[in-house]
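Here is a short tour to follow with the structure open in your viewer. Keep the selection panel handy, and take the stops in order.

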Amino acid sequence: CKIDYQAPADLLQGRNILVTGAGDGIGRAAALTFARHGATVILLGRTIAKLEKVYDEIEAAGGPQPAIFPLNFEGATLKDYHDMAETIDREFGRLDGLLHNAGLLGRITPFEQYNPELWEQVMQVNLNGPIWMTQALLPALKYSADASIVFTSSSVGRRGRAYWGAYAVSKFATEGFVEVLADELEHLGNVRVNSLNPGATRTQMRKTAYPGEDPATLRTPEEIMPTYLWLMGPDSRGHNGEKFDAQPPRS
Ligand code: NDP
């Protein structure tokens with residue numbers, strides 16, 4: 001946990017970083033924070049109006065001009081990921097950071113009642129879509145002198161909990177995939193991949209999962225950004241295949 005990490009203002013200067021689910025919640029905060037630290041951010045998400053708002057905020061703050069990439073992981077095809085890779089190659093030449101943040105909660109419900117279609121949807125958005133997107137983007141990441149891939153996990157991706165169904169399974173699988181890919185990338189030296197558990201954070205997803213909770217007791221997305229910055233910047237070089245937490249566990 002690097003919650004006390006103090007990032008220099010120019011930490012991400014000159015880096016091209018793609019953030020999925022950049023229109024809301026933690027992804028929105030990450031996109032704004034990366035841009036404030038000098039990164040050119042590629043805002044990926046399914047609701048264009050939200051991405052445009054983030055775009056405008058970055059421009060208004062004088063950050064490097066971002067780019068918008070509309071994509072819905074439900075229904076996205078391999079061709080979409082390869083078109084994306086081609087666009088990034090053409091417009092930016094390389095990718096230095098990839099934050100897999102988009103996520104779908106599905107339903108908190110007993111497994112006996114879990115709808116199989118919903119299960120597929122959650123696995124698509126949280127696991128399979130991001131995996132095939134990563135495959136398409138690997139060449140652009142390899143062009144970078146120092147590339148960081150971050151997958152978003154969860155505490156239920158480390159210890160299963162009743163009723164969390166596909167969401168928990170998708171996060172366990174995400175952590176497993178990170179270990180496999182990290183082992184394959186190790187010899188390259190210039191591309192690392194790690195998983196990050198944001199911990200309880202004040203967003204719409206958290207509110208849906210815990211409707212009775214007082215959001216004021218939770219850290220905001222902005223407050224958990226130090227670990228995101230550390231993982232995206234050069235200070236985390238050499239860390240590969242590891243699991244991180246963005247905040248200390250709650251007592
Ligand atoms: P939010 O629900 O606030 O944001 C999720 C983001 O993912 C939104 O931008 C959403 O887009 C996007 N998204 C959802 N489905 C799709 C899709 N099919 N295609 C493309 N984009 C999609 O969630 P959080 O910010 O809380 O969560 C961010 C990540 O952190 C997730 O991976 C989540 O699992 C993880 N996490 C969060 C915790 C928390 O306490 N908040 C705790 C542990 C893990 P749109 O706005 O258009 O719907």
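The tour goes from the ligand to a pocket and then to a loop. Before you start, keep in mind that this is a predicted model.

**Stop 1: the ligand and its shell**

Select the ligand and show the residues around it, 29 in number. Which of them come nearest? They are Thr47, Lys50, Asn72, Tyr167 and Thr203. Now colour the shell by residue class: you should find 14 polar, 9 nonpolar and 6 charged residues.

Next, switch on the cartoon. Helices α1, α5 (165-185) and α6 (204-209) each supply at least two residues of this shell. The biggest contributor is α6, which gives 3 residues.

**Stop 2: polar atoms around the ligand**

Stay with the ligand and show side chains as sticks. Start with threonine 203, where an N or O atom of the side chain is 2.5 Å from an oxygen atom of the ligand. Then pick arginine 46: its side chain has an N or O atom 2.8 Å from a ligand oxygen. At asparagine 72, the ligand partner is a nitrogen atom, again 2.8 Å from an N or O atom of the side chain.

How much of the ligand's accessible area does the protein cover? Of the 900 Å² that the ligand has on its own, 93% is covered.

**Stop 3: the second largest pocket**

Now select Ala29, Leu32, Thr33, Ala35, Arg36, Glu57, Ile58, Ala61, Gly62, Gly63, Pro64 and Glu222, which line the second largest pocket. Two elements give two or more residues to this lining, α1 (25-36) and α2 (48-60). Of these, α1 gives the most, with 5 residues. You met α1 at the ligand too, where it supplies at least two residues of the shell.

Turn on a surface to look at the space itself, about 180 Å³. What classes of residue make up the lining? It has 6 nonpolar, 3 polar and 3 charged residues.

**Stop 4: glycine 238**

Finish by centring on glycine 238, in the loop between α7 (225-232) and β7 (243-245). Is this residue buried or exposed? Its relative accessibility is 75%, so glycine 238 counts as exposed, the cut-off being over 50%.

For a last check with the distance tool, pick the C-alpha atoms of glycine 238 and alanine 140. These residues are 98 apart along the chain, and the two atoms are separated by 20 Å.

Methods
Residues numbered from 1 in each chain as written. Predicted model: local features only at pLDDT ≥ 70, side-chain atom pairs only at ≥ 80, totals over all residues. Heavy atoms only, no water. 1 Å grid on protein atoms, 1.4 Å probe; cavity = no way out; pocket = protein on both sides within 12 Å on 5 of 7 lines; lining within 4 Å. Points joined across faces, edges and corners; volume = space filled by probe spheres on them. Helix = DSSP H or I, 4+ residues; strand = E, 2+ residues; numbered from the N terminus. Nonpolar A, V, L, I, M, F, W, Y, C, P; charged D, E, K, R; others polar. Near = heavy atom within 4 Å. Polar contact = N/O pair within 3.5 Å; in protein donor to acceptor, adjacent residues only side chain to side chain. Areas by Shrake-Rupley, 256 points an atom, 1.4 Å probe, with all protein chains shown as cover. Buried < 20%, exposed > 50% of the residue type's maximum accessible area, 1.4 Å probe, protein only.
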